[in-house]
Amino acid sequence: MTTTDAADAPDWEKRFRAPRVSLPDWAEDAPDRSLFVSNATGTYELYAWDRASGRQRQVTDRPNGTTDGVLTPDGEAVWWFSDTDGDEFGVWMRQPFGGGEDEPAAPGLAPSYPAGLAIGREGSAVIGRSTDEDGTTVHLVRAPGAEPVEIYRHRESAGVGDLSHDGTLIALEHTEHGDAMHSALRVVRPDGSTVAELDDTEGGTKELGLSVLGFAPVAGDTRLLVGHQRRGRWEPMIWDPVAGTETPLPIDLPGDVGAEWYPDGSALLVEHEFEARSELWRYEPGTAAPVRVETPAGTVSGATARPDGTVEYLWSSAAQPPVVRSTSGAVVLDPPGAKAPPSVAVEDAWVEGPGGRIHALVQKPATGEGPFPTIFEIHGGPTWHDSDAFASGPAAWVDHGFAVVRVNYRGSTGYGRAWTDALKHRVGLIELEDIAAVREWSVKSGLADPERLVLAGGSWGGYLTLLGLGTQPGAWALGLAAVPVADYVTAYHDEMEALKAMDRTLLGGTPEEVPERFEASSPLTYVDAVRAPVYISAGVNDPRCPIRQVENYVDRLAARGAVHEVYRYDAGHGSLVVEERIKQVRLELEFALKHLGGGAVQGA
């Protein structure tokens with residue numbers, strides 16, 4: 001697309017094409033050296049940034065993009081994960097910070113799915129791997145080019161959490177107890193010997209999880225910041241695995257609370273999420289309460305404290321596009337090029353549902369009166385939540401006269417452990433009960449036109465879309481499912497091992513052990529009941545929602561002449577190519593407008 005064409009493009013396309021940057025990560029011992037992700041070339045890739053000189057350069061350049069990378073503590077090299085066309089199966093590569101040839105970072109390790117990475121000083125690295133054959137393994141590489149040494153192995157899912165400042169302690173998250181939703185922690189020495197264990201699951205009989213937030217960034221300091229759920233939500237505490245002490249933190253904020261260390265280890269940068277918004281606080285251990293770090297209302301998608309005490313954070317709202325800001329007042333990283341046009345603000349809706357109050361986020365067209373054609377854009381995960389953050393997809397629908405409703409159904413994060421953990425055994429059906437309650441509210445309130453209701457989503461949201469079209473066939477006029485689970489049994493057998501473990505936890509076993517649950521939760525079971533036109537998009541290299549199970553569902557639609565369209569693209573679980581993403585949204589808009597009426601797609 002030429003510059004003139006881009007200038008004439010509709011706002012919804014401009015939002016996708018506008019240059020964006022992630023929150024820059026910086027090297028612990030060389031804070032002027034940073035790494036970030038940007039779509040400046042039209043594909044999301046990694047970029048190195050020398051803050052001292054201002055020089056930026058593109059590190060990776062691959063047809064389907066690259067987003068997974070980390071700097072070594074000395075800032076001398078970038079590690080990045082190399083897979084094949086988005087299949088998430090590959091190896092870590094290493095490139096000098098200033099540029100040069102890529103080389104395998106751990107040449108002795110075969111390709112795998114990644115399961116965490118921690119890079120130490122003096123060139124050591126702890127590499128987590130996952131394969132269908134071996135489950136999870138963790139290897140220590142003591143120096144670049146050295147032979148990897150296996151220090152951990154288990155069939156259940158696990159991952160590398162962090163490496164202590166001096167490289168003598170390694171924190172692992174594991175689910176050896178068989179509950180993939182609630183991890184336990186183990187700290188080991190580089191030889192694999194255990195230093196200490198922390199397990200709130202009581203061997204899998206109690207549903208409380210733990211997470212690694214990071215070792216104190218100070219030489220000789222063995223304190224580990226961990227997240228726990230002991231009070232019904234995520235919040236941090238300090239665990240010293242060597243001293244055997246646990247220090248609760250009096251951070252009494254509603255909602256979920258995470259944290260990371262300030263660079264000198266004297267304080268914590270607290271990230272607080274509550275009712276789809278987020279904010280930052282500073283807490284010094286031993287004091288009575290945290291102190292607010294001022295940020296605008298909206299969503300902080302990531303934050304980091306710099307050595308000078310300032311905080312950098314990535315912020316956006318549903319109305320305003322993302323920007324990397326600093327508490328000094330400056331914009332930290334402002335990519336060149338046209339800025340994304342704003343969208344409309346989000347409104348909150350609280351609806352009584354079968355499992356408690358449901359929070360939904362609503363965006364309405366700036367002009368016109370309801371009832372509107374309405375799209376229920378269902379989030380993936382399922383352990384995720386929609387927030388008051390900028391999203392180009394929903395904004396495109398608003399531009400075309402649709403109201404957009406996003407539901408934080410049971411299973412979503414951000415509303416306490418009980419809300420997230422409610423998603424068990426009746427998987428999919430529970431979420432759809434909540435979506436149905438919000439759908440009923442949207443019609444009764446005058447927001448939504450009951451004859452023009454669209455159920456849509458990607459990944460788990462795509463799964464819920466297909467399941468909803470089959471179990472609630474009279475409720476929806478149209479369905480749009482991106483990279484969905486469509487045939488749960490086949491999906492289980494074809495997906496990556498870590499997701500198999502999650503499915504066993506959610507459904508209480510394998511398809512052979514609990515066939516009735518897999519059948520009840522599979523969209524394929526209800527495919528013959530689908531009456532609404534359905535559009536499906538799928539990545540042919542997707543390891544999360546593999547293509548074979550999508551084809552099984554599509555074949556059943558085709559066999560009975562159901563109205564449907566399928567778009568297959570050469571990538572994995574979504575695309576990192578901007579024009580491909582625009583194409584997918586355009587195809588969805590065209591499908592919806594063709595079957596619902598409402599004019600042409602802007603820019604088509």
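**Note on the predicted model**

1. Four strands make up an open, antiparallel sheet, in the order β1-β2-β3-β4. Its edges are β1 (25-27) and β4 (55-58), each of which pairs on one side only. From one strand to the next the twist averages 25 degrees. The structure is a predicted model, and the points below should be read as a description of that model.

2. Within this sheet, β1 and β2 (residues 30-38) run antiparallel and are joined by three bridges. One residue pair can be checked directly: Asp25 has Leu35 in β2 as its bridge partner.

3. A second open sheet of four strands has the order β9-β10-β11-β12, again with antiparallel pairing. Here the edge strands are β9 (113-119) and β12 (149-154), and each pairs on one side only. Neighbouring strands of this sheet are turned by 15 degrees against each other on average, direction ignored. Strands of a sheet pair through backbone hydrogen bonds, in either a parallel or an antiparallel arrangement.

4. Between β9 and β10 (residues 125-131) there are five bridges, and the two strands run antiparallel. Pro114 is one of the residues to inspect; its bridge partner in β10 is Arg129.

5. The hairpin of β13 and β14 deserves a separate entry. Strand β13 (residues 158-163) pairs with strand β14 (residues 170-174) in the antiparallel sense, over five bridges. Gly159 has Glu173 as its bridge partner in β14. Six residues lie between the strands of the hairpin, and Gly167 takes a positive phi near 75 degrees there.

6. How many cavities of 30 Å³ or more does a search of the whole structure find? The search finds one. The space in the largest cavity is about 30 Å³. Its lining consists of Ser130, Thr136, Arg155, Glu156, Ser157, Glu497, Ala498 and Ala501. By type, the lining residues are two nonpolar, three polar and three charged. Helix α8 (residues 497-507) gives the most to this lining, with three residues. Rolling a probe the size of a water molecule over the atoms shows where empty space is left.

7. Thr245 belongs to strand β20 (residues 245-248). Is Thr245 buried or partly exposed? Its relative accessible area is 39%, so Thr245 counts as partly exposed. Leaving out residues up to four places away in sequence, Thr245 touches Ile238, Trp239 and Asp240. The C-alpha atom of Thr245 is separated by 9.1 Å from that of Arg223, which is 22 residues apart from Thr245 along the chain.

8. Helix α3 (residues 392-399) is mostly covered, with seven of its eight residues buried. The buried residues are Ser392, Gly393, Pro394, Ala395, Ala396, Trp397 and Val398. What do the buried residues of α3 pack against? Two helices are on the list, α2 (11-17) and α11 (578-596). The strands on the list are β30 (356-363), β31 (372-378), β32 (403-408) and β34 (478-482). Just after α3, Gly401 takes a positive phi of about 90 degrees.

9. Two cis peptide bonds should be looked at in the model. The bond from Gly370 to Pro371 is cis, with omega near 5 degrees, and Pro371 sits in the loop between β30 and β31. The bond from Gly381 to Pro382 is also cis, with omega near 5 degrees; Pro382 is placed in the loop between β31 and α3.

10. Most residues other than glycine have a negative phi, and most peptide bonds are trans. His425, which is not a glycine, has a positive phi near 70 degrees. His425 lies in the loop between α4 (417-421) and α5 (429-444). With a relative accessibility of 34%, His425 counts as partly exposed.

11. Ser459 is likewise a residue other than glycine with a positive phi, near 60 degrees. Its position is in the loop between β33 (448-458) and α6 (460-471). Is Ser459 buried or exposed? Ser459 counts as buried because its relative accessibility is 18%, and the cut-off for buried is under 20%.

Terms used. Residues numbered from 1 in each chain as written. Predicted model: local features only at pLDDT ≥ 70, side-chain atom pairs only at ≥ 80, totals over all residues. Heavy atoms only, no water. Pairing = 2+ DSSP bridges. Axes fitted to C-alpha atoms, helices over the stretch in contact; angles between N-to-C directions. 1 Å grid on protein atoms, 1.4 Å probe; cavity = no way out; pocket = protein on both sides within 12 Å on 5 of 7 lines; lining within 4 Å. Points joined across faces, edges and corners; volume = space filled by probe spheres on them. Nonpolar A, V, L, I, M, F, W, Y, C, P; charged D, E, K, R; others polar. Buried < 20%, exposed > 50% of the residue type's maximum accessible area, 1.4 Å probe, protein only. Contact = heavy atoms within 4.5 Å.
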